[in-house]
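These are my notebook entries on one structure, written down in the order in which I looked things up. I begin with the overall layout and then go through strands, cores, salt bridges and surface.

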Amino acid sequence: MDALPNDAEDGHPSIRDMLAVNLRAARSARGLSLSELARRSGIGKATLSQLEAGTGNPTIETVFSLSRVLEVAISDLLDHRPRGGLTVVRAADVEVLRGEGVDLRPLRRIEAENSVFEVYDQVVRGDSPQRSQGHVGVEHTVVQTGGLRVEVAGRTVDLGPGDYVAFDAREPHSYTALAAPVHSVLLLQYRADERLDGRPHPVPVAD
C-alpha cells in the first residue's frame, strides 16, 4: 500500500506532522507506553517512535491500526485544527456557493454525539428569492444587516438586524431580501442519521 501524501499545502501541516502531534496526544491520554502501543497495534516500536517524531512515513494501514487501538476516529489523528486553540476561517479562503438569490460560504462543520451542525456565512442578494422545497434538519438564521423576509409553509415573517428565526427545514421555505444585500449567519442542524445513503447533506441552495 502506498504511503499517505506528506507534503504540506497552502500553509497547512502535512499529514506526517498532524499524525505526530495527534498520536502523541492520544497515546498520552490513554497512558500507553510506546512498547504497549506497539504490542497492541502490531506496529514496531521504532516505527512508532519515528511517527511521533514526525520522521516516519505513515501508511493507510498504519493509521487505521492506530485508530482502532487508540479508539479514536481517523480524523482525530489527521486533523490539523489545534484542540482548545483558535480556528480561523478567512473569507477569501472559502469558495462561495451561489444560488438563485443567496450566496453561501461554508465555514465549519461540527459534530456532537448524533448531531451535526453546519455553519454558513449567508448573503441574500435581492435579485431573486431563494426557494427550497425542503430538506432535513432545522435552519437557524441570525440577520446582521439588511431586511429579510422568510416564508415557511405559507407563514411569513420579516426580520431586521439582530433578529433570529428557526424552523423545520423539511417544510417548503424561501428567503427574500427586503433591503439588500442581507448579511446573516445560517446554522443548519440535523441528526447524523438524517443523511441519506451516507452522502453529505445538501446545502439549501442546491434545491
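Entry 1, layout. Before listing elements I fix the terms: helices (H or I) are DSSP runs of at least four residues and strands (E) are runs of at least two, both numbered from the N terminus. The model is a predicted one, and with these terms I find five helices and eight strands in the protein. Reading from the N terminus on, I get the order α-α-α-α-α-β-β-β-β-β-β-β-β. I then looked up the overall values: buried residues make up 39% of the 207 residues, and the accessible surface comes to about 11,900 Å², of which 50% belongs to carbon and sulfur atoms. Of the contacts with a separation of 6 or more, 64% are accounted for by residues 24 or more positions apart.

Entry 2, strand pairing around β3. I asked which strands pair with β3, and found that β2 joins it in the antiparallel sense over ten bridges, while ten bridges also join β3 to β8, again with the strands running antiparallel. On the β2 side I noted Ile110, whose bridge partner in β3 is Phe117; on the β8 side I noted Ser115, whose bridge partner is Arg191. The hairpin of β2 and β3 has two residues between the strands, and there Glu113 takes a positive phi near 50 degrees. I also checked how covered β3 is, and eight of its ten residues turn out to be buried.

Entry 3, β5 and β7. These two strands pair in the antiparallel sense over five bridges, and I recorded Asp168 in β7 as the bridge partner of Val138. Which side chains of β7 point to which face? Val165 and Phe167 point to one face and are buried, whereas Tyr164, Ala166 and Asp168 point to the other and are not. I set beside this the general rule that side chains in a regular strand alternate between the two faces of the sheet.

Entry 4, the nonpolar cores. The largest nonpolar core has 18 residues, and those with the most contacts inside it are Val124, Leu148, Val150, Leu159, Phe167, Tyr175 and Val182. I traced these residues back to the elements and found that β2 (102-112), β3 (115-124), β5, β7 (164-168) and β8 (173-191) each supply at least two residues of this core. The largest share, six residues, comes from β8. I then took Phe167 alone and looked up its contacts: leaving aside residues up to four places away in sequence, Phe167 touches Gly137, Val138, Glu139, Val150, Val152, His173 and Tyr175. A second, separate core of 16 residues is also present, and Ala38, Val69, Leu70 and Leu77 are among its members.

Entry 5, salt bridges. How many salt bridges does the structure hold? I find nine, and I looked at several of them individually. Asp121 and Arg105 meet through their side chains at 3.3 Å, N to O, and this pair links distant parts of the chain, with Asp121 in strand β3 and Arg105 in strand β2, 16 residues apart. I count both partners as buried because Asp121 has a relative accessible area of 17% and Arg105 one of 15%, and the cut-off for buried is under 20%.

The pair of Asp103 and Arg98 has its closest N and O atoms 3.4 Å apart; here Asp103 is buried at 16% relative accessible area, whereas Arg98 is exposed at 58%. For Asp168 and Arg170 I noted 2.7 Å, N to O, with Asp168 partly exposed at 28% and Arg170 exposed at 55%. Finally, salt bridges that share partners join Arg98, Asp103, Arg125 and Asp127 into one network.

Entry 6, a surface patch. I closed by looking for nonpolar surface, and recorded a patch of about 240 Å² that is made by Val142, Tyr164 and Val185. Val142 sits in strand β5 (residues 138-152). Its relative accessible area is 36%, so Val142 is partly exposed, and a patch residue needs over 30%.

Key: Residues are numbered from 1 along each chain as its sequence is written. This is a predicted model: local features need pLDDT of at least 70, side-chain atom pairs count only at pLDDT 80 or more; totals for chains, interfaces and linings use all residues. Side-chain values use heavy atoms; hydrogens and water are left out. Patches are made of residues with over 30% relative accessible area and no salt bridge: like charges are joined within 9 Å, nonpolar side chains (Val, Leu, Ile, Met, Phe, Trp, Tyr) within 5 Å. Accessible areas come from the Shrake-Rupley method with a 1.4 Å probe; for residues, only the protein chains shown count as cover. A salt bridge is a side-chain nitrogen of Lys or Arg within 4 Å of a carboxyl oxygen of Asp or Glu. Buried means under 20% relative accessible area, exposed over 50%, partly exposed in between (1.4 Å probe, protein chains only). A nonpolar core is a set of buried Ala, Val, Leu, Ile, Met, Phe, Trp, Tyr and Cys residues joined through side-chain atoms within 4.5 Å. Contact means heavy atoms within 4.5 Å. Two strands pair if DSSP finds at least two bridges between them.
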